[in-house]
Number of protein chains: 2
Amino acid sequence: MDMRNSAMDSPPSRTRRRLLGRLAAGSFAASQAATAADLLKPLEIAPSSRVPGAPVLDHPYGVPSPYEADVVRRSARAWPVPGAASSMTPLADLHGTITPNGLTYERHHGGVPDIHPDRHRLAIHGFVRTPKLFTMDDLLRLPSESRIHFLECSGNTGSEWNGPSGLPVQLTHGLLSCCEWTGVRLSTLLDEVGGLAKPIDAANGWLLAEGADAAVMTRSLPLERILERALVVYAQNGERLRPENGYPLRLIVPGFEGNTNVKWLRRLKVVDAPLQTREETSKYTSLLANGTARQFAFEMDAKSVITRPSPGHRLTAHGYYPITGLAWSGRGTIRKVEVSTDGGANWRLARLDGVIHDRALTRFRADWQWDGGAAAILSRATDSSGYVQPTRAELVAARGLNSQYHYNAIQQWRVETSGEVRNA
Amino acid sequence: MDMRNSAMDSPPSRTRRRLLGRLAAGSFAASQAATAADLLKPLEIAPSSRVPGAPVLDHPYGVPSPYEADVVRRSARAWPVPGAASSMTPLADLHGTITPNGLTYERHHGGVPDIHPDRHRLAIHGFVRTPKLFTMDDLLRLPSESRIHFLECSGNTGSEWNGPSGLPVQLTHGLLSCCEWTGVRLSTLLDEVGGLAKPIDAANGWLLAEGADAAVMTRSLPLERILERALVVYAQNGERLRPENGYPLRLIVPGFEGNTNVKWLRRLKVVDAPLQTREETSKYTSLLANGTARQFAFEMDAKSVITRPSPGHRLTAHGYYPITGLAWSGRGTIRKVEVSTDGGANWRLARLDGVIHDRALTRFRADWQWDGGAAAILSRATDSSGYVQPTRAELVAARGLNSQYHYNAIQQWRVETSGEVRNA
């Protein structure tokens, strides 16, 4: 299968074609109810039971089915600067809450560095009592923990600031993933360097995190707000980090905008004030309508989106459809998700799957009887702080239209009488 | 990277070599604490910051770092019958509880069939009111749910029935994985076919599950014990099932031995008694010491194993080491895990990570100060039913030595004064 070709194909049209192929492909896809009499006869032998299957150890590291070759990361646009790009998770084709590592979104500013794990070092210095360099083996010898958390780029869904973009959910909301991360708590590492040095304490200290990539990605983080939750991680979904997700080491700051979760992490320096790096002045700061800047807006506010049905899917017959999607909040857990199928006039509670994890994707589900008429389907998340996902109008009233970041408004998909689902 | 070569290399020796390379590789791996003075000077620029990194869209479906090329599934032995084999999850190299799809263990009896999802059908018939065929699209239009559950082959750890095998944990316990599964509840599907037909009800009915592979894998399952929990799933860790894990459809019976989670699922027939298929007579039944057979022993009993340190790892210096491993039970949640470092004379409680999921892997962790002497490290799980993982002697007393299945005894690793860890 030629991944390059599928990635370079026009994403929305390919997504739509594929999903049409899946959901409305004529002879095979129509719902087929055999008669009871047919089924009580012995079933025919499956064609795949008549021939030996393929061996597995050709794939000691497994790969997806060739029939899923178009479920890949895609970019919403061509990137003008070499080495700076992002690629987005195919949310419309995914189920549950865990993002497989091969489909985890990524954003990079200077390409993906090639770092030998035996040569990598993490320096912890600045206002700490005993600055130290850590090898990867040193880090593996420290107490660790695993937690499931979402990651979202602060630019995610920026396409919708000026109204519906027409894009499918992979390209509107796909800078979003959720993995189980394993690593060492920041607080454990600070204990390893003897703790903070005067005059710095957790209440007034900041932390500079620096990546070993060609962009030397650097962010300043307020210690008090991250100390108990931040992890320095080496594994995602069980295995070591993928190269584009920070191999061999990255920071995870649960709930904070993606870029602060510095990848290829080589340095943590305790400082007494934010360092006003490029990534917190010229980028990742929002210009408000009144001309002032909203800087260090770390937490990703509560948000949700319907992933199925979503643009590219097509309803093929009147009747029952499950509505499902994802909700998350950088400030805690998801308390509830409401769904509307009439453009927001009426709302009802969605079911939430299983155990609700802190600062993790939560899968919601609702039942819908489609009567064949035009409809507009929406979801609205409320988090454990009581914050309610705003409408676009409310968000624009508060933030204006000068920024591309932190767009978390309610997202509407239109269902046409043809069954087509559109971002309009 | 040549996966085939790494898979065909002798697994234990390669595992050991790799881990020695990681943990005791001379110039790089020794713990290195720079002086404070060095670290307060500006850090040198990372070599990887001096050159542009690689693009990502060459890998729209991502792959692991080349430095992790030997973290792959392996088989403990050569399989004499073409098309029948298994491959095992590299537990010693994994972290957390989620198994990435590429490393999820698999067992197949007739190779991996090639099934086009648009042509696949699931038949539900037998003692049901309205037998039906379901397409994949039909299934995607039904209410679904996602849950995290372990899967374990009933033959897992069979290598240890006669005492320590010398094998590393991948080859003793690696027929074990844990994923987030998404699909339709069995009870929902039975509603879709009008419910059970008289004289069958949930209390006396059995369910025949049949695979579309060349082995036509078939198992009989007691309806009452699986009705509320079993799922017919199409996705694992977010994406569609991998081919070797049942693409496009499989049964998940949480807590039941792996082979009952029938892959490439094509048929569910409600019957009035178990059908005594090949897989429940000549295989997957245990001969006890008194000559009687233990048949339909579905639930995997509570079990745990230390994955780090484990054979192949080597301790390089006296001092602190974290002990970590996995615990699970087919009968509910893990209530506690105890760890011993003196061969079982003394036990202490391990910490359990985060949220404990029902019938899922649970990560445990304990602190250990290694004094450089010989040691024997063990873990013991207790589940929510109160069942305590037995010693090997207790297990053999109850079951004898005639069976290769359902070995769940406490596993001991010896730590030599050299730091080598052995299964002895």
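This is a guided tour of a predicted model with two chains, A and B, arranged as a series of selections.

**The two chains together**

Begin by displaying chain A and chain B in separate colours. A rotation of 180 degrees, with 0.0 Å of shift along its axis, superposes chain B on chain A at an RMSD of 0.0 Å. That is the relation of a two-fold axis. The same surface serves both copies, since 100% of the contact residues of chain B recur in chain A.

To locate the axis, select B:P100. Among the residues of chain B, B:P100 comes closest to the rotation axis, with its C-alpha at 3.5 Å.

**The interface**

Next, select the residues of each chain that touch the other. The selection should hold 116 residues of chain B in contact with 116 residues of chain A. The size of an interface is often given as the accessible area lost when the parts come together. Here the area buried between chain B and chain A is about 9,500 Å², and carbon and sulfur atoms give 56% of that area.

Which three residues supply more of the area that chain B buries against chain A than any other three? Select B:Y67, B:H95 and B:R141, which supply 8% of that area.

Now colour the side of chain B that touches chain A by residue class. The residues there divide into 52 nonpolar, 34 polar and 30 charged. The count of salt bridges between chain B and chain A is nevertheless zero. Polar contacts do occur across this interface: 43 residue pairs, with both residues at pLDDT 80 or more, satisfy the rule.

**An aromatic pair between the chains**

Select A:Y67 and B:Y247 and show their rings. A pair of aromatic rings is described by the distance of the centres and the angle of the planes. For A:Y67 and B:Y247 these values are 6.2 Å centre to centre and 10 degrees between the planes, and the pair is stacked. A:Y67 lies in the loop between α3 (36–40) and β1 (85–87) of chain A, and B:Y247 lies in the loop between β10 (239–240) and β11 (250–252) of chain B, so the pair joins two chains. Over all chains, the structure holds 14 aromatic pairs.

**Backbone geometry**

Turn now to the backbone. Most residues other than glycine have a negative phi, and most peptide bonds are trans. Three places merit inspection:

- A:K198 and A:P199: the peptide bond from A:K198 to A:P199 is cis, with omega near 5 degrees. A:P199 is in the loop between α6 (186–192) and β7 (206–211) of chain A.
- A:Y247 and A:P248: a cis peptide bond joins these residues, with omega about 5 degrees. A:P248 is in the loop between β10 (239–240) and β11 (250–252) of chain A.
- B:W264: phi is near 50 degrees, a positive value in a residue other than glycine. B:W264 is in the loop between β11 and β12 (265–271) of chain B.

**A salt bridge within chain A**

Finally, select A:D353 and A:R365. Side chains of opposite charge can pair when their charged atoms come close. A:D353 and A:R365 form a salt bridge, and their closest N and O atoms are 2.9 Å apart. The pair links distant parts of the chain, 12 residues apart: A:D353 is in the loop between β19 (351–352) and β20 (362–370) of chain A, while A:R365 is in strand β20 of chain A. A search of the whole structure finds 42 salt bridges over all chains.

Technical notes. Residues are numbered from 1 along each chain as its sequence is written. Chains are lettered from A and ligands numbered from 1 in the order in which they are written. This is a predicted model: local features need pLDDT of at least 70, side-chain atom pairs count only at pLDDT 80 or more; totals for chains, interfaces and linings use all residues. Side-chain values use heavy atoms; hydrogens and water are left out. Contact means heavy atoms within 4.5 Å. Buried area is the accessible area (1.4 Å probe) that two parts lose on being put together, summed over both. A salt bridge is a side-chain nitrogen of Lys or Arg within 4 Å of a carboxyl oxygen of Asp or Glu. A polar contact is a pair of N or O atoms within 3.5 Å; within protein, one must be able to donate a hydrogen and the other to accept it, and residues adjacent in sequence count only if both atoms are side-chain atoms. Ala, Val, Leu, Ile, Met, Phe, Trp, Tyr, Cys and Pro count as nonpolar, Asp, Glu, Lys and Arg as charged, and the others, Gly among them, as polar. Copies are superposed by least squares on the C-alpha atoms of residues with pLDDT of at least 70 in both. Rings of Phe, Tyr and Trp (its six-membered ring) pair if their centres lie within 6.5 Å; planes under 30 degrees apart count as stacked, over 60 as edge-to-face and the rest as tilted. Helices (H or I, at least four residues) and strands (E, at least two) are DSSP runs, numbered from the N terminus.
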